[in-house]
Amino acid sequence: MNDSRIRLATIAALLLAGVLAGTQLGKIAPLVDWYRSEAGFSLVLIGWLTSMISIFVALVALPTGWAIERAGMRRSFIASAVVMTAGGLALAFLDDPAAILVARLVEGIGYLVLVIVIPALLNTIAPPAWRAPALAIWGGFVPVGFAVADFMARGILPTAEPQLFLLAAIVAFALFALIGAVLLAMVGDADAGSETQAAAPTTGGLAAQLTFPVALVALSFGFYVVLSVSFFAFTPAFVALPQANIALSAGLIALIVPIGNVLTGVLVKGRDGRFVLMLAGVGFAASLVAAVPTFGGSAPALATAAAVVIAIAGGIIASALFASIPAIVPQGKSASIAIGLVCQAGGIGTVIGPPLAGYVIEAHGWAGFGVFLALTAAIGGLCLLPLARSQPRGPEAVHAG
């Protein structure tokens, strides 16, 4: 197997490990009734069990990116995969509520590092022409991970105990993480030894890494997450209403998101940073246009089409923003710290989005919710406007950080 094939296999293994990390985020949802009836969890505790794995991302993703930069990405990947696997195995076998929460906490520590280090590794080991497509595909790891969790649950839970489902989910992650770690040992950084790389070591402290373009992309990503999480958190309740005008189930709408991820991965290959950011802007614009018809009492065909547009546009936005990172991180700056800032903005959006959306629905109804999503999309797109005046570098100039 030549170097290109090994490198491609490594990228694929890391992406699959990332998707299965997303599966750990989504694996609690199919077990809500079981945790209530068998483990004695209240809905509040189940809520904590679900969110605990991602709460660290909202709190400390940025300094974690800095720590990964210092510790080394490959070592950080292996250590975090071991930590997540240990927590997942404990979660599968423990039955005491306090012990279950501790196991989920351990999973959350591993998850925090993985969601930063995997895209940073993709940016480092992928040749310049592959970086934007790889990061674009990475942008869909959460919805695809949730879909994997749903399919695994449907295949396992009817005939087996929930513990087997939890065990299968974490073993699948561990398998691809192990394959990724082995393959990582066989490939070097794509820019290793180049004059550009040697001439541009990472410089400055943490604050020096946070350039204006990186901050704008992170801010835009935060608004995207508010939009996306709010949409997927409340669409099931809307679809269940007798007067609902969306013909598809909420689960099926969620499964449409990867179309946007894959489409973006194809479109960004070989394109410069300005095109990638423009693509994210198009996704925001499509969400802006579709939000009100989805929840504003439109005809069923229009409302359903609009919901599909939001789902695909969300995949495009997330993928394009991640794919833009190689073009906006200057020489001598750290991609892993930039990704940490983007992830932290997304984590904050995850925390504040659903409560804010819930307030809007209670105060202004579902039509008001559509307006809220439209305004959020508008602000997310506006965050990118200053970058349209600049000329982000193409992928070939990226420093892997």
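**Note on the second largest pocket, the nonpolar cores and selected helix residues**

1. The second largest pocket holds about 250 Å³ of space, where a pocket is an open set of points on a 1 Å grid over the protein atoms alone at which a 1.4 Å probe fits, with protein on both sides within 12 Å along at least five of seven lines. The volume is the space filled by probe spheres set on the points, which are joined across faces, edges and corners. Of the 17 residues that line this pocket, Leu277, Gly281, Gly381, Leu384 and Leu385 are the closest to its centre, and a lining residue is one with an atom within 4 Å of a point.

2. The model is predicted, with local features needing pLDDT of at least 70 and side-chain atom pairs counting only at pLDDT 80 or more, while totals for chains, interfaces and linings use all residues. Residues are numbered from 1 along each chain as its sequence is written, and side-chain values use heavy atoms, with hydrogens and water left out.

3. The lining of the second largest pocket draws at least two residues from each of helix H13 (273-295), helix H16 (335-382) and helix H17 (385-388), helices being DSSP runs (H or I, at least four residues) numbered from the N terminus. H13 gives the most, with 8 residues. By class, the lining has 14 nonpolar, 2 polar and 1 charged residues, with Ala, Val, Leu, Ile, Met, Phe, Trp, Tyr, Cys and Pro counted as nonpolar, Asp, Glu, Lys and Arg as charged, and the others, Gly among them, as polar.

4. The largest nonpolar core has 97 residues, and Phe77, Tyr111 and Phe173 have the most contacts inside it; H16 gives the most to this core, with 15 residues. Such a core is a set of buried Ala, Val, Leu, Ile, Met, Phe, Trp, Tyr and Cys residues joined through side-chain atoms within 4.5 Å, and buried means under 20% relative accessible area, exposed over 50% and partly exposed in between (1.4 Å probe, protein chains only). A second, separate core of 20 residues includes Leu91, Ile100, Ala153 and Ile156.

5. Residues up to four places away in sequence being left out, Phe173 touches Ala17, Leu20, Ala21, Gln24, Ala81, Met84, Thr85 and Leu114, a contact being heavy atoms within 4.5 Å.

6. Helix H1 (residues 3-26) has 24 residues and reaches 35 Å from its first C-alpha to its last, close to the 34 Å expected at 1.5 Å a residue, the expected span being 1.5 Å times one less than the number of residues. Because 17 of its 24 residues are buried, H1 is largely enclosed by the rest of the structure.

7. Two residues of H13 may be read together. Ala290 lies in this helix and counts as buried at 5% relative accessibility; leaving aside neighbours within four places in sequence, Ala290 is in contact with Ala306, Val309 and Ile310. Gly273, also placed in H13, is buried with a relative accessible area of 2%, and its C-alpha is 8.0 Å from that of Pro326, although the two are 53 residues apart in sequence.

8. In helix H16, Val371 is partly exposed, with a relative accessible area of 40%, and lies 19 Å from Thr350, C-alpha to C-alpha, at a sequence separation of 21 residues. Glu69, in helix H3 (residues 43-71), is buried, with a relative accessible area of 17%; Glu69 and Ala120 are 51 residues apart in sequence and 9.5 Å apart in space, C-alpha to C-alpha.
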